[in-house]
Amino acid sequence: MDLKISDLSVASTSIQADIAHFQVTVTDLDQCLMTAKDDIAAKPVQDTKVKSLGAKITDLEDQSPRDNICFFGIPKHKEVSDIKAFLNNFLPELTGLDFSPPLEFQRAHRIGPLHKATSGRPRPIIACFLRHEQAPQIISEARSQGPHSPEGHEILVAADFSRVTNKKRTHSWPYDHN
């Protein structure tokens, strides 16, 4: 009888240790659950911060290339090898303006992957102007004169915006985008 009571006492002690361990585990799980609830409650604040930071990044991306203009539809053979010289001759013809001071570019080159050049559509030209007032002047004059179509190639002029802004602008156009 003493042996059986001793065995039951040992088993009881083992069960009490297991119960204490499970109570600690349940307490840890409760703390994790409370932390998760707090994180979920803070999520709208985090979403707002992420959206705010995204808007700031888009604004910075739109401000940095404000002196850039994209020219679409200019065939590859038109500019030969010196795009800056080509633009110096072409832009007065496009806008009808006599530029004084003369046009100066920080850089001008074609953009986009080379494999698109074989698709039939010429790659766009992007030009960064040294004088910040010339870029909006050129865009304004080119748009007021309508699409320019020398030799049957329609040439469009656009400001260089971020992808996010371009997407928003595209969706605000009055025609179907499908």
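Colour the chain by secondary structure and follow it along the sequence: the pattern is α-β-α-β-β-α-β-α. In total, the protein has 4 helices and 4 strands. The model is a predicted one, and the tour below moves from the whole chain to single residues.

**The whole chain.** Display all 178 residues with relative accessibility as the colour scale; buried residues account for 25% of them. Next, consider contacts between residues at least 6 apart in sequence: 64% of these join residues at least 24 apart.

**The nonpolar core.** Select strand E1 (68-72), then add H2, E2, E3 and H3; each of these elements supplies at least two residues of the largest nonpolar core. This core holds 22 residues. H2 gives the largest share, with 6 residues. Now highlight Ile-69, Phe-71, Leu-87, Leu-91 and Phe-129, the members that touch the most other members of the core.

**Leu-87.** Centre the view on Leu-87 and show its surroundings. Leaving aside residues up to four places away in sequence, Leu-87 touches Phe-71, Pro-92, Leu-103, Phe-105, Ala-108, Ile-125 and Ala-127. One of these partners, Phe-71, also belongs to the group of core residues highlighted in the previous step.

**The H2 and H3 pair.** Select helix H2 (residues 83-95) together with helix H3 (residues 134-144). Their axes come within 8 Å and cross at roughly 50°. The two helices are therefore oblique to each other. To see how they meet, show the side chains of Leu-91, Leu-94 and Thr-95 on H2, and those of Ile-138, Glu-141 and Ala-142 on H3. Sorted by class, the residues of this contact are 4 nonpolar, 1 polar and 1 charged. Leu-91 of H2 thus appears at this stop as well as among the core residues with the most partners.

**The salt bridge.** Finally, select Arg-131 and Glu-104. These two residues form a salt bridge in which the closest N and O atoms are 2.7 Å apart. The count for the model is 1 salt bridge. Which parts of the chain does the pair tie together? Arg-131 lies in the loop between strand E3 (125-129) and H3, while Glu-104 lies in the loop between H2 and strand E2 (105-110), so the bridge links parts that are 27 residues apart in sequence. Is Glu-104 buried or exposed? Its relative accessibility is 36%, so Glu-104 counts as partly exposed.

Note on methods. Residues are numbered from 1 along each chain as its sequence is written. This is a predicted model: local features need pLDDT of at least 70, side-chain atom pairs count only at pLDDT 80 or more; totals for chains, interfaces and linings use all residues. Side-chain values use heavy atoms; hydrogens and water are left out. Axes are lines fitted to C-alpha atoms, for helices over the stretch in contact, and angles run from 0 to 180 degrees between N-to-C directions. Angles under 35 degrees count as roughly parallel, over 145 as roughly antiparallel, 65 to 115 as roughly perpendicular and the rest as oblique. Contact means heavy atoms within 4.5 Å. Ala, Val, Leu, Ile, Met, Phe, Trp, Tyr, Cys and Pro count as nonpolar, Asp, Glu, Lys and Arg as charged, and the others, Gly among them, as polar. A salt bridge is a side-chain nitrogen of Lys or Arg within 4 Å of a carboxyl oxygen of Asp or Glu. Buried means under 20% relative accessible area, exposed over 50%, partly exposed in between (1.4 Å probe, protein chains only). A nonpolar core is a set of buried Ala, Val, Leu, Ile, Met, Phe, Trp, Tyr and Cys residues joined through side-chain atoms within 4.5 Å.
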